Amino acid sequence: NLRKVEFTLEQQKMSTMDYENPEEAEEKTKMRTGFFHVFGNEPFYDPSDGRWIDRMVAIVEEEGSGKVFHVTPEFMKLEL
């Protein structure tokens, strides 16, 4: 059995003007439910250092749609 989670794709930025439009802001910051599969690493370019680093992500399947997302663990909460 997979663990059920709540997650967002990213945290709310300071202003909705930080997004291209209100729909993008809603899509990225809305609370979703899904199923946790596994943790893994993915390469991420850090512009402050000018180099690639590995960052941890959770592979999460969205409930209902079946879409799979790479979610930053800080944006995910396991349900008990």
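**Exercise 1. Work out which strands pair with β1, and in which sense.**

Step 1. Start with β1, residues 3-7, and β2, residues 32-46: five bridges join them, and the two strands run antiparallel. Keep in mind that you're looking at a predicted model.

Step 2. Pick one pair to anchor your view: R3 has F36 as its bridge partner in β2.

Step 3. Now look for another neighbour of β1. Three bridges tie β1 to β5, residues 76-78, and this pairing is antiparallel too. Here V5 is matched with L78 of β5.

Result: β1 pairs with β2 and with β5.

**Exercise 2. Follow β2 onward to β3, and describe the turn between them.**

Step 1. Count the bridges: β2 and β3 are held together by twelve, in the antiparallel sense. A handy pair to click on is F39, whose bridge partner in β3 is A58.

Step 2. Find the connection. G50 sits in the loop between β2 and β3, with β3 covering residues 51-62. The hairpin has four residues between its strands, and G50 takes a positive phi near 70° there.

Step 3. Is G50 buried, exposed or partly exposed? Its relative accessibility is 43%, so G50 counts as partly exposed; the window for that label runs from 20% to 50%.

Step 4. Get a sense of where the loop lies. G50 and E10 are 40 residues apart along the chain, and their C-alpha atoms are separated by 22 Å.

**Exercise 3. Decide whether R32 is buried or exposed, and list what surrounds its side chain.**

Step 1. Place the residue: R32 belongs to strand β2.

Step 2. Check its accessibility. The relative accessible area of R32 is 4%, so this arginine is buried; the cut-off for buried is under 20%.

Step 3. See what the side chain reaches. It comes to 2.4 Å from the backbone oxygen of E27.

Step 4. List the neighbours, leaving out residues up to four places away in sequence: R32 touches V5, E6, F7, L9, E27, E62 and F69. Of these, V5 is the residue you met in Exercise 1 as the bridge partner of L78.

**Exercise 4. Do the same for T29.**

Step 1. T29 lies in helix α1, which covers residues 22-29.

Step 2. With a relative accessible area of 18%, T29 falls under the 20% cut-off and therefore counts as buried.

Step 3. Look for a backbone partner: a polar atom of the T29 side chain lies 2.6 Å from the backbone oxygen of A25.

**Exercise 5. Zoom out and describe the whole chain.**

Step 1. Tally the elements: there's one helix and five strands. Reading from the N terminus, the order is β-α-β-β-β-β.

Step 2. Give the dimensions. The C-alpha trace spans about 40 × 30 × 20 Å along its principal axes.

Step 3. Ask how much is covered. The chain has 80 residues, and 25% of them count as buried; R32 and T29 are both buried. The chain exposes about 5900 Å², with carbon and sulfur atoms supplying 52% of that area.

Step 4. Look at contacts across the sequence. Taking contacts between residues at least 6 apart, 51% join residues at least 24 apart.

Step 5. Finish with charge: there are 10 positive and 17 negative side chains, and the centres of the two sets lie 3 Å apart.

Technical notes
Residues are numbered from 1 along each chain as its sequence is written. Side-chain values use heavy atoms; hydrogens and water are left out. Buried means under 20% relative accessible area, exposed over 50%, partly exposed in between (1.4 Å probe, protein chains only). Contact means heavy atoms within 4.5 Å. Accessible areas come from the Shrake-Rupley method with a 1.4 Å probe; for residues, only the protein chains shown count as cover. Lys and Arg count as positive and Asp and Glu as negative; His and the chain ends are not counted. The place of a charge is taken as NZ of Lys, CZ of Arg, CG of Asp or CD of Glu. Two strands pair if DSSP finds at least two bridges between them. A polar contact is a pair of N or O atoms within 3.5 Å; within protein, one must be able to donate a hydrogen and the other to accept it, and residues adjacent in sequence count only if both atoms are side-chain atoms.
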